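I open this notebook to record what I looked up about the surface and the pockets of one structure.

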Amino acid sequence: MEFSDLIAVCQGFIAGAARLVPKLRGHEFTGTQTKVLENHLEKIRATADWIETAAATGQVDLDEQLAQLLRGQ
């Protein structure tokens with residue numbers, strides 16, 4: 001069940017991005033918006049790496065650096 005839930009979360013993200021990103025054509029982000037987006041993308045990349053590591057190794061523990069990143073610290 002957890003595997004199916006994880007795949008559903010990943011697919012939801014992909015589907016949402018595929019729907020929204022094309023709508024950004026011509027949109028100019030402010031500096032603040034760009035920084036917020038960069039911070040969220042960093043969290044997405046780190047989480048994707050965590051998922052990949054968990055799937056490859058079975059190691060599912062959240063290390064402190066990732067925990068702090070996800071908490072916004």
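The entries below follow the surface patch first and the pockets afterwards.

Entry 1, the model. I note that this is a predicted model.

Entry 2, the nonpolar patch. I looked up which residues make the nonpolar surface patch and found F13, I14, V21, L24, F29, L37, L41 and I44. I recorded an area of about 670 Å² for this patch. The elements that give two or more residues to the patch are α1 (2–20) and α2 (31–57). The largest share comes from α2, with 3 residues.

Entry 3, residue F13. Is F13 buried, partly exposed or exposed? I found a relative accessibility of 46% for F13. F13 counts as partly exposed because buried means under 20% and exposed means over 50%. I also noted that F13 lies in helix α1.

Entry 4, the largest pocket. I recorded about 290 Å³ of space in the largest pocket. Its lining consists of F13, G16, A17, L20, V21, K23, L24, F29, L37, H40, L41 and I44. I sorted these lining residues into 9 nonpolar, 2 polar and 1 charged. Helices α1 and α2 each supply at least two residues of this lining.

Entry 5, the second largest pocket. I recorded a volume of about 210 Å³ for the second largest pocket. L6, V9, C10, F13, I44, T47, A48 and I51 line the second largest pocket. I counted 7 nonpolar residues, 1 polar residue and no charged residue in this lining. Here, too, α1 and α2 each supply at least two lining residues.

Entry 6, cross-check. I found F13 and I44 in the patch, in the lining of the largest pocket and in the lining of the second largest pocket.

Notes. Residues numbered from 1 in each chain as written. Predicted model: local features only at pLDDT ≥ 70, side-chain atom pairs only at ≥ 80, totals over all residues. Heavy atoms only, no water. Patch = residues over 30% accessible without salt bridge, like charges linked within 9 Å, V, L, I, M, F, W, Y side chains within 5 Å. Areas by Shrake-Rupley, 256 points an atom, 1.4 Å probe, with all protein chains shown as cover. Salt bridge = Lys/Arg side-chain N within 4 Å of Asp/Glu carboxyl O. Helix = DSSP H or I, 4+ residues; strand = E, 2+ residues; numbered from the N terminus. Buried < 20%, exposed > 50% of the residue type's maximum accessible area, 1.4 Å probe, protein only. 1 Å grid on protein atoms, 1.4 Å probe; cavity = no way out; pocket = protein on both sides within 12 Å on 5 of 7 lines; lining within 4 Å. Points joined across faces, edges and corners; volume = space filled by probe spheres on them. Nonpolar A, V, L, I, M, F, W, Y, C, P; charged D, E, K, R; others polar.
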